[in-house]
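Visitor: Hey, I've got a protein on my screen and no idea where to start. Can you walk me through it?

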Amino acid sequence: GQVNNYRNTLQQAIPTLNNCRNTVQQGVQTPQLPGQVNNYRNTVQQVNAVAGVKPKGEYNGPDPQLAARLEKEILDTNPGVRWDDVAGLNEAKRLLQEAVVLPLWMPEYFQGIRRPWRGVLMFGPPGTGKTLLAKAVATECGTTFLNVSCSSLLAKLYGESERRVRCLFDLARARAPSTIFIDEIDSLCSARGAPGENEVSRRVKSELLVQIDGLNNSTNNIAGKPVTVLAATNFPWGLDEALRRRLEKRIYIPLPDFKSRKELIKINLISITLAPDLDIDQVARRTEGFSGDDLTNICRDASLSGMRRKIAGKNPDEIKNMSKAEILKIPVMMDDFLEALDKIQPTVSAVDIERHEKWFSEFGST
Ligand code: ADP
(Lines give C-alpha, C1' and ligand atoms only; values in the text may rest on other atoms or scores of the structure.)
Protein backbone atom coordinates (compact mmCIF):
# COMPACT_ATOMS: atom_id res chain seq x y z
CA GLY A 1 0.00 0.00 0.00
CA GLN A 2 2.74 2.40 0.95
CA VAL A 3 4.55 1.74 -2.32
CA ASN A 4 1.34 2.42 -4.21
CA ASN A 5 0.89 5.68 -2.33
CA TYR A 6 4.39 6.72 -3.24
CA ARG A 7 3.75 5.84 -6.88
CA ASN A 8 0.48 7.80 -6.91
CA THR A 9 2.19 10.84 -5.44
CA LEU A 10 4.87 10.60 -8.08
CA GLN A 11 2.30 10.28 -10.82
CA GLN A 12 0.49 13.35 -9.53
CA ALA A 13 3.75 15.22 -9.66
CA ILE A 14 4.23 14.42 -13.35
CA PRO A 15 2.17 17.34 -14.76
CA THR A 16 4.19 19.78 -12.67
CA LEU A 17 7.39 18.17 -13.82
CA ASN A 18 6.21 18.25 -17.42
CA ASN A 19 5.61 21.99 -17.06
CA CYS A 20 9.05 22.31 -15.62
CA ARG A 21 10.46 20.39 -18.58
CA ASN A 22 8.62 22.56 -21.09
CA THR A 23 10.01 25.65 -19.43
CA VAL A 24 13.45 24.12 -19.63
CA GLN A 25 13.01 23.34 -23.32
CA GLN A 26 11.88 26.84 -24.10
CA GLY A 27 14.75 28.27 -22.11
CA VAL A 28 17.40 26.29 -23.93
CA GLN A 29 19.28 28.69 -26.14
CA THR A 30 22.64 27.08 -26.62
CA PRO A 31 23.89 23.55 -27.17
CA GLN A 32 25.82 23.75 -23.91
CA LEU A 33 23.09 23.55 -21.31
CA PRO A 34 23.69 25.39 -18.08
CA GLY A 35 24.07 23.00 -15.15
CA GLN A 36 20.76 23.98 -13.62
CA VAL A 37 18.77 23.05 -16.72
CA ASN A 38 20.57 19.73 -16.83
CA ASN A 39 19.69 19.12 -13.20
CA TYR A 40 16.02 19.79 -13.91
CA ARG A 41 16.10 17.41 -16.83
CA ASN A 42 17.76 14.66 -14.80
CA THR A 43 15.18 15.06 -12.03
CA VAL A 44 12.34 14.77 -14.52
CA GLN A 45 13.88 11.64 -16.04
CA GLN A 46 14.46 10.02 -12.67
CA VAL A 47 10.93 10.71 -11.45
CA ASN A 48 9.46 9.41 -14.71
CA ALA A 49 11.48 6.23 -14.35
CA VAL A 50 10.41 5.64 -10.73
CA ALA A 51 6.75 6.30 -11.48
CA GLY A 52 6.90 3.85 -14.40
CA VAL A 53 5.77 6.52 -16.85
CA LYS A 54 6.03 5.42 -20.47
CA PRO A 55 8.12 7.62 -22.72
CA LYS A 56 4.99 9.47 -23.86
CA GLY A 57 2.24 8.71 -26.29
CA GLU A 58 0.27 5.50 -26.32
CA TYR A 59 0.53 3.42 -29.47
CA ASN A 60 -2.81 3.29 -31.33
CA GLY A 61 -1.52 2.33 -34.76
CA PRO A 62 -2.07 -0.88 -36.66
CA ASP A 63 -0.34 -4.11 -35.62
CA PRO A 64 -0.27 -3.45 -31.85
CA GLN A 65 1.24 -6.88 -31.19
CA LEU A 66 4.10 -6.32 -33.59
CA ALA A 67 4.59 -2.84 -32.15
CA ALA A 68 4.79 -4.27 -28.64
CA ARG A 69 7.36 -6.83 -29.79
CA LEU A 70 9.44 -4.24 -31.63
CA GLU A 71 9.25 -1.94 -28.65
CA LYS A 72 10.64 -4.65 -26.41
CA GLU A 73 13.44 -5.43 -28.85
CA ILE A 74 14.55 -1.96 -29.83
CA LEU A 75 13.42 0.67 -27.37
CA ASP A 76 16.41 1.95 -25.47
CA THR A 77 15.34 4.49 -22.89
CA ASN A 78 18.70 5.18 -21.34
CA PRO A 79 21.86 3.65 -22.81
CA GLY A 80 23.89 5.57 -20.21
CA VAL A 81 26.59 7.00 -22.54
CA ARG A 82 27.30 10.74 -22.19
CA TRP A 83 29.13 13.07 -24.58
CA ASP A 84 32.14 12.98 -22.24
CA ASP A 85 32.41 9.20 -22.57
CA VAL A 86 33.18 9.65 -26.27
CA ALA A 87 36.78 10.74 -26.81
CA GLY A 88 37.44 13.51 -29.35
CA LEU A 89 35.03 13.77 -32.30
CA ASN A 90 34.08 17.28 -31.24
CA GLU A 91 32.99 18.30 -34.71
CA ALA A 92 30.77 15.20 -34.99
CA LYS A 93 29.28 15.94 -31.57
CA ARG A 94 28.52 19.52 -32.62
CA LEU A 95 26.89 18.39 -35.86
CA LEU A 96 24.81 15.78 -34.03
CA GLN A 97 23.71 18.36 -31.44
CA GLU A 98 22.51 20.61 -34.19
CA ALA A 99 21.03 17.95 -36.46
CA VAL A 100 19.41 15.63 -33.93
CA VAL A 101 19.40 16.87 -30.34
CA LEU A 102 18.30 20.49 -30.68
CA PRO A 103 15.39 19.84 -33.13
CA LEU A 104 14.02 17.40 -30.55
CA TRP A 105 14.39 19.84 -27.69
CA MET A 106 13.02 22.90 -29.45
CA PRO A 107 10.82 21.79 -32.34
CA GLU A 108 9.19 25.26 -32.48
CA TYR A 109 12.48 26.76 -33.66
CA PHE A 110 13.23 24.12 -36.26
CA GLN A 111 10.35 24.97 -38.62
CA GLY A 112 10.19 26.13 -42.24
CA ILE A 113 13.63 26.76 -43.65
CA ARG A 114 15.08 25.50 -40.39
CA ARG A 115 13.24 22.17 -40.65
CA PRO A 116 15.31 19.31 -39.24
CA TRP A 117 17.30 17.15 -41.65
CA ARG A 118 15.25 14.24 -42.87
CA GLY A 119 17.98 11.84 -41.97
CA VAL A 120 21.52 11.86 -40.62
CA LEU A 121 24.22 9.38 -41.62
CA MET A 122 27.38 8.68 -39.65
CA PHE A 123 30.03 6.98 -41.75
CA GLY A 124 33.63 5.97 -41.17
CA PRO A 125 35.88 2.96 -40.56
CA PRO A 126 34.69 0.32 -38.07
CA GLY A 127 35.28 0.86 -34.35
CA THR A 128 35.52 4.64 -34.49
CA GLY A 129 32.61 5.37 -32.14
CA LYS A 130 29.53 5.65 -34.36
CA THR A 131 27.37 3.42 -32.17
CA LEU A 132 28.77 5.07 -29.07
CA LEU A 133 27.83 8.51 -30.44
CA ALA A 134 24.30 7.29 -31.23
CA LYS A 135 23.97 6.13 -27.63
CA ALA A 136 25.24 9.48 -26.37
CA VAL A 137 22.62 11.21 -28.53
CA ALA A 138 19.96 9.02 -26.91
CA THR A 139 21.10 9.80 -23.38
CA GLU A 140 21.54 13.50 -24.03
CA CYS A 141 18.20 13.84 -25.85
CA GLY A 142 16.30 12.19 -23.04
CA THR A 143 13.73 11.33 -25.70
CA THR A 144 12.64 8.03 -27.17
CA PHE A 145 15.48 6.15 -28.85
CA LEU A 146 14.74 3.22 -31.13
CA ASN A 147 17.93 1.23 -31.68
CA VAL A 148 17.35 -0.87 -34.78
CA SER A 149 19.59 -3.57 -36.17
CA CYS A 150 18.93 -5.17 -39.52
CA SER A 151 18.15 -8.49 -37.89
CA SER A 152 15.21 -6.94 -36.04
CA LEU A 153 13.72 -5.79 -39.36
CA LEU A 154 14.51 -8.53 -41.87
CA ALA A 155 12.20 -11.54 -41.99
CA LYS A 156 11.76 -14.47 -44.33
CA LEU A 157 7.97 -14.38 -44.54
CA TYR A 158 6.72 -12.52 -47.62
CA GLY A 159 5.82 -8.91 -46.81
CA GLU A 160 6.84 -9.23 -43.14
CA SER A 161 9.99 -7.07 -43.39
CA GLU A 162 8.10 -4.12 -44.91
CA ARG A 163 5.44 -4.53 -42.26
CA ARG A 164 8.12 -4.25 -39.59
CA VAL A 165 9.57 -1.10 -41.17
CA ARG A 166 6.09 0.51 -41.28
CA CYS A 167 5.40 -0.49 -37.72
CA LEU A 168 8.77 0.89 -36.59
CA PHE A 169 7.90 4.32 -37.98
CA ASP A 170 4.35 4.19 -36.54
CA LEU A 171 5.88 3.40 -33.19
CA ALA A 172 8.40 6.21 -33.50
CA ARG A 173 5.57 8.65 -34.27
CA ALA A 174 3.53 7.44 -31.32
CA ARG A 175 6.52 7.88 -29.02
CA ALA A 176 7.68 11.15 -30.63
CA PRO A 177 9.78 13.18 -30.22
CA SER A 178 12.02 10.29 -31.08
CA THR A 179 15.10 9.10 -32.93
CA ILE A 180 15.34 5.92 -34.97
CA PHE A 181 18.93 4.66 -35.05
CA ILE A 182 19.63 2.13 -37.83
CA ASP A 183 23.06 0.54 -37.42
CA GLU A 184 24.84 -0.97 -40.44
CA ILE A 185 22.24 0.50 -42.77
CA ASP A 186 24.27 -0.70 -45.78
CA SER A 187 23.27 -4.30 -45.07
CA LEU A 188 19.63 -3.24 -45.31
CA CYS A 189 19.95 -0.82 -48.19
CA SER A 190 22.72 -1.82 -50.54
CA ALA A 191 22.94 -0.11 -53.91
CA ARG A 192 20.71 -1.24 -56.74
CA GLY A 193 22.16 -4.22 -58.53
CA ALA A 194 24.76 -4.84 -55.78
CA PRO A 195 25.59 -8.51 -55.10
CA GLY A 196 23.70 -8.58 -51.77
CA GLU A 197 20.55 -7.08 -53.23
CA ASN A 198 17.62 -9.44 -53.39
CA GLU A 199 13.86 -9.14 -53.60
CA VAL A 200 13.40 -8.65 -49.82
CA SER A 201 16.02 -5.95 -49.53
CA ARG A 202 14.55 -4.14 -52.56
CA ARG A 203 11.13 -4.05 -50.93
CA VAL A 204 12.50 -3.04 -47.52
CA LYS A 205 14.44 -0.26 -49.17
CA SER A 206 11.38 1.11 -50.97
CA GLU A 207 9.36 1.01 -47.76
CA LEU A 208 12.13 2.81 -45.88
CA LEU A 209 12.23 5.55 -48.52
CA VAL A 210 8.44 5.98 -48.35
CA GLN A 211 8.57 6.18 -44.56
CA ILE A 212 11.43 8.70 -44.49
CA ASP A 213 9.55 10.86 -47.01
CA GLY A 214 6.47 10.58 -44.81
CA LEU A 215 8.39 12.02 -41.87
CA ASN A 216 8.81 15.22 -43.76
CA ASN A 217 5.15 15.95 -44.33
CA SER A 218 3.31 18.58 -42.39
CA THR A 219 1.50 16.36 -39.89
CA ASN A 220 4.84 15.43 -38.45
CA ASN A 221 5.65 19.07 -37.90
CA ILE A 222 2.18 20.24 -36.86
CA ALA A 223 2.30 17.83 -33.97
CA GLY A 224 5.60 19.53 -33.11
CA LYS A 225 7.03 16.15 -32.34
CA PRO A 226 9.75 15.31 -34.81
CA VAL A 227 11.03 11.86 -35.62
CA THR A 228 14.63 11.79 -36.81
CA VAL A 229 16.40 8.96 -38.59
CA LEU A 230 20.01 8.45 -37.57
CA ALA A 231 21.95 5.80 -39.46
CA ALA A 232 25.49 4.40 -39.38
CA THR A 233 27.63 2.56 -41.90
CA ASN A 234 31.19 1.39 -42.44
CA PHE A 235 30.57 1.24 -46.21
CA PRO A 236 28.91 4.48 -47.33
CA TRP A 237 29.83 3.86 -50.99
CA GLY A 238 27.62 0.75 -50.96
CA LEU A 239 24.49 2.74 -50.08
CA ASP A 240 21.56 3.06 -52.41
CA GLU A 241 21.61 6.48 -54.06
CA ALA A 242 17.97 7.31 -53.30
CA LEU A 243 18.57 6.58 -49.63
CA ARG A 244 21.79 8.58 -49.61
CA ARG A 245 19.85 11.62 -50.84
CA ARG A 246 17.40 11.28 -47.98
CA LEU A 247 20.17 11.01 -45.40
CA GLU A 248 20.86 14.68 -45.97
CA LYS A 249 23.45 15.28 -43.26
CA ARG A 250 26.44 12.94 -43.67
CA ILE A 251 28.91 13.08 -40.81
CA TYR A 252 32.39 11.59 -41.13
CA ILE A 253 33.63 9.72 -38.06
CA PRO A 254 37.37 9.37 -38.68
CA LEU A 255 40.11 7.48 -36.86
CA PRO A 256 41.15 9.27 -33.65
CA ASP A 257 43.95 11.87 -33.93
CA PHE A 258 46.75 12.18 -31.35
CA LYS A 259 44.70 14.31 -28.92
CA SER A 260 41.67 12.02 -29.16
CA ARG A 261 43.81 8.92 -28.68
CA LYS A 262 45.20 10.44 -25.48
CA GLU A 263 41.68 11.24 -24.30
CA LEU A 264 40.47 7.75 -25.17
CA ILE A 265 43.31 6.08 -23.24
CA LYS A 266 42.54 8.25 -20.21
CA ILE A 267 38.82 7.40 -20.40
CA ASN A 268 39.66 3.69 -20.57
CA LEU A 269 42.05 3.83 -17.61
CA ILE A 270 39.86 5.99 -15.41
CA SER A 271 39.41 3.44 -12.61
CA ILE A 272 42.78 1.69 -12.96
CA THR A 273 45.91 2.21 -10.85
CA LEU A 274 48.68 3.62 -13.06
CA ALA A 275 52.42 3.16 -12.55
CA PRO A 276 54.46 6.41 -12.49
CA ASP A 277 56.40 5.30 -15.59
CA LEU A 278 53.30 5.07 -17.80
CA ASP A 279 53.70 7.65 -20.55
CA ILE A 280 50.28 8.11 -22.15
CA ASP A 281 51.67 10.61 -24.69
CA GLN A 282 54.07 7.97 -25.97
CA VAL A 283 51.31 5.35 -26.25
CA ALA A 284 49.17 7.87 -28.16
CA ARG A 285 52.08 8.69 -30.48
CA ARG A 286 52.70 5.02 -31.21
CA THR A 287 49.07 4.23 -32.03
CA GLU A 288 48.56 6.33 -35.12
CA GLY A 289 46.19 4.47 -37.47
CA PHE A 290 44.49 2.55 -34.63
CA SER A 291 40.71 2.85 -34.27
CA GLY A 292 39.03 3.65 -30.95
CA ASP A 293 38.10 0.00 -30.68
CA ASP A 294 41.72 -1.13 -31.32
CA LEU A 295 42.95 1.30 -28.67
CA THR A 296 40.35 0.06 -26.19
CA ASN A 297 41.59 -3.49 -26.81
CA ILE A 298 45.18 -2.36 -26.15
CA CYS A 299 44.14 -0.72 -22.88
CA ARG A 300 42.19 -3.82 -21.86
CA ASP A 301 45.13 -6.12 -22.63
CA ALA A 302 47.69 -3.89 -20.91
CA SER A 303 45.52 -3.48 -17.82
CA LEU A 304 45.32 -7.28 -17.41
CA SER A 305 49.10 -7.78 -17.54
CA GLY A 306 49.68 -6.98 -13.86
CA MET A 307 47.30 -9.72 -12.81
CA ARG A 308 48.94 -12.15 -15.24
CA ARG A 309 52.33 -11.41 -13.64
CA LYS A 310 50.94 -11.76 -10.16
CA ILE A 311 49.41 -15.21 -10.67
CA ALA A 312 52.29 -16.65 -12.70
CA GLY A 313 53.59 -19.83 -11.03
CA LYS A 314 50.87 -19.87 -8.35
CA ASN A 315 48.47 -22.78 -7.88
CA PRO A 316 44.64 -22.31 -8.02
CA ASP A 317 44.26 -22.27 -4.22
CA GLU A 318 46.92 -19.60 -3.82
CA ILE A 319 45.25 -17.54 -6.54
CA LYS A 320 41.80 -17.85 -4.91
CA ASN A 321 43.21 -16.73 -1.57
CA MET A 322 44.99 -13.65 -2.87
CA SER A 323 43.87 -10.41 -1.26
CA LYS A 324 41.31 -8.64 -3.48
CA ALA A 325 42.48 -5.22 -2.34
CA GLU A 326 46.02 -6.10 -3.34
CA ILE A 327 44.93 -7.31 -6.81
CA LEU A 328 43.00 -4.10 -7.44
CA LYS A 329 46.08 -2.07 -6.57
CA ILE A 330 48.32 -3.74 -9.20
CA PRO A 331 49.43 -0.81 -11.38
CA VAL A 332 49.54 -0.76 -15.18
CA MET A 333 53.07 -0.09 -16.35
CA MET A 334 54.60 1.21 -19.58
CA ASP A 335 55.96 -2.28 -20.34
CA ASP A 336 52.42 -3.66 -20.23
CA PHE A 337 51.45 -1.24 -22.98
CA LEU A 338 54.55 -2.00 -25.04
CA GLU A 339 53.72 -5.69 -24.82
CA ALA A 340 50.09 -5.06 -25.85
CA LEU A 341 51.30 -2.89 -28.75
CA ASP A 342 53.38 -5.81 -30.01
CA LYS A 343 50.37 -8.09 -29.94
CA ILE A 344 47.58 -5.91 -31.29
CA GLN A 345 47.63 -4.56 -34.82
CA PRO A 346 45.44 -1.81 -36.29
CA THR A 347 42.35 -3.26 -37.97
CA VAL A 348 41.64 -0.45 -40.44
CA SER A 349 43.66 -0.41 -43.65
CA ALA A 350 45.05 2.70 -45.36
CA VAL A 351 42.98 1.84 -48.46
CA ASP A 352 39.79 1.88 -46.38
CA ILE A 353 40.60 5.32 -44.97
CA GLU A 354 41.39 6.65 -48.41
CA ARG A 355 38.03 5.41 -49.67
CA HIS A 356 36.20 7.09 -46.78
CA GLU A 357 38.02 10.36 -47.34
CA LYS A 358 37.21 10.29 -51.02
CA TRP A 359 33.53 9.63 -50.26
CA PHE A 360 33.60 12.41 -47.63
CA SER A 361 34.94 14.93 -50.12
CA GLU A 362 32.20 13.94 -52.57
CA PHE A 363 29.16 13.51 -50.34
CA GLY A 364 30.11 14.46 -46.73
CA SER A 365 28.77 17.39 -44.65
CA THR A 366 30.80 19.86 -42.63
P1 ADP B 1 31.47 1.74 -34.65
O2 ADP B 1 29.98 1.80 -34.40
O3 ADP B 1 32.00 3.00 -35.26
O4 ADP B 1 31.88 0.52 -35.41
P5 ADP B 1 31.62 1.55 -31.80
O6 ADP B 1 30.94 2.82 -31.42
O7 ADP B 1 30.80 0.30 -31.67
O8 ADP B 1 32.22 1.64 -33.27
O9 ADP B 1 32.96 1.42 -30.94
C10 ADP B 1 33.42 0.17 -30.44
C11 ADP B 1 34.11 0.38 -29.12
O12 ADP B 1 35.32 1.12 -29.31
C13 ADP B 1 33.30 1.19 -28.14
O14 ADP B 1 32.45 0.39 -27.37
C15 ADP B 1 34.37 1.88 -27.32
O16 ADP B 1 34.82 1.01 -26.31
C17 ADP B 1 35.51 2.08 -28.28
N18 ADP B 1 35.53 3.42 -28.91
C19 ADP B 1 35.56 3.66 -30.24
N20 ADP B 1 35.62 4.98 -30.48
C21 ADP B 1 35.62 5.60 -29.29
C22 ADP B 1 35.67 6.98 -28.87
N23 ADP B 1 35.74 7.98 -29.74
N24 ADP B 1 35.64 7.25 -27.53
C25 ADP B 1 35.58 6.24 -26.63
N26 ADP B 1 35.54 4.91 -26.96
C27 ADP B 1 35.57 4.59 -28.27
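Guide: Sure, let's go through it piece by piece, and keep in mind that this is a predicted model.

Visitor: OK, how many helices and strands does the chain have?
Guide: You'll find 17 helices and 5 strands.

Visitor: And how much of the chain is buried?
Guide: Of its 366 residues, 35% count as buried. Also, take the contacts in the chain with a separation of 6 or more: residues 24 or more positions apart account for 85% of them.

Visitor: What do the strands do? What order are they in?
Guide: They make an open sheet of 5 strands, in the order β2-β3-β4-β1-β5, with parallel pairing. β2 (144–148) and β5 (249–252) stand at the edges with a single partner strand each, so one side of each has no neighbour in the sheet. On average, neighbouring strands are turned by 20° against each other, ignoring direction.

Visitor: Which strand does β2 pair with, then?
Guide: β2 is joined to β3 (residues 178–182) by 5 bridges, and the two run parallel. If you want a spot to look at, find Asn 147, which stands opposite Phe 181 in β3.

Visitor: Now β1. Is it mostly covered or uncovered?
Guide: Mostly covered: β1 covers residues 119–123, and 5 of its 5 residues are buried. That goes for both faces, with Gly 119, Leu 121 and Phe 123 buried on one side and Val 120 and Met 122 buried on the other.

Visitor: What are its partners?
Guide: β1 pairs with β4 over 5 bridges, in the parallel sense, and 4 bridges join β1 to β5, again running parallel. Along the way, Leu 121 stands opposite Ala 231 in β4, while Phe 123 stands opposite Tyr 252 in β5.

Visitor: Which helix lies across β2, β3 and β4?
Guide: That's α7 (residues 160–174), running at about 165° to β2.

Visitor: Anything worth clicking on in α7?
Guide: Try Glu 162, which is found in that helix.

Visitor: Is that one buried or exposed?
Guide: Buried, because 20 other C-beta atoms lie within 10 Å, and 20 is just enough to count. Leaving out residues up to four places away in sequence, Glu 162 touches Arg 203, Val 204 and Glu 207. Its C-alpha atom is also separated by 8.5 Å from that of Val 200, 38 residues apart along the chain.

Visitor: Switching topic: how many residues are in the largest nonpolar core?
Guide: It has 68 residues, and those with the most contacts inside it include Leu 96, Leu 133, Val 137 and Ile 251. Helix α4 (residues 90–105) gives the most to this core, with 8 residues.

Visitor: Is that kind of grouping a general thing?
Guide: In soluble globular proteins, nonpolar side chains tend to be buried together.

Visitor: What is Leu 96 in contact with?
Guide: Setting aside neighbours within four places in sequence, Leu 96 is in contact with Val 101, Leu 133, Val 137 and Ile 251.

Visitor: And the ligand? Which residues are closest to it?
Guide: The ligand is surrounded by 18 residues, and the closest are Gly 129, Lys 130, Thr 131, Gly 292 and Asp 293. The elements giving two or more residues to that shell are α5 (130–141), α11 (258–268) and α13 (292–311).

Visitor: How many of the shell residues are nonpolar, polar and charged?
Guide: The shell divides into 9 nonpolar, 7 polar and 2 charged residues.

Visitor: Any backbone oddities before I go?
Guide: A few. The peptide bond from Ala 176 to Pro 177 is cis, with omega near 0°, and Pro 177 lies in the loop between α7 and β3. Then there's Leu 89, which isn't a glycine but has a positive phi of about 50°. You'll find Leu 89 in the loop between α3 (64–74) and α4. Glu 184, in the loop between β3 and α8 (199–215), has a positive phi near 50° and isn't a glycine either.

Visitor: Are Leu 89 and Glu 184 buried or exposed?
Guide: Leu 89 is buried, with 28 other C-beta atoms within 10 Å. Glu 184 has 19 C-beta neighbours inside 10 Å, so it counts as partly exposed.

Definitions and conventions: Residues are numbered from 1 along each chain as its sequence is written. This is a predicted model: local features need pLDDT of at least 70, side-chain atom pairs count only at pLDDT 80 or more; totals for chains, interfaces and linings use all residues. A residue is near a molecule or strand if its C-beta atom, placed from the backbone, lies within 6 Å of it. Ala, Val, Leu, Ile, Met, Phe, Trp, Tyr, Cys and Pro count as nonpolar, Asp, Glu, Lys and Arg as charged, and the others, Gly among them, as polar. A residue is buried if 20 or more other C-beta atoms lie within 10 Å of its own, exposed if 12 or fewer, and partly exposed in between; C-beta atoms are placed from the backbone. Two residues are in contact if their C-beta atoms, placed from the backbone, lie within 7 Å. A nonpolar core is a set of buried Ala, Val, Leu, Ile, Met, Phe, Trp, Tyr and Cys residues joined through C-beta atoms within 7 Å. Two strands pair if DSSP finds at least two bridges between them. Axes are lines fitted to C-alpha atoms, for helices over the stretch in contact, and angles run from 0 to 180 degrees between N-to-C directions.
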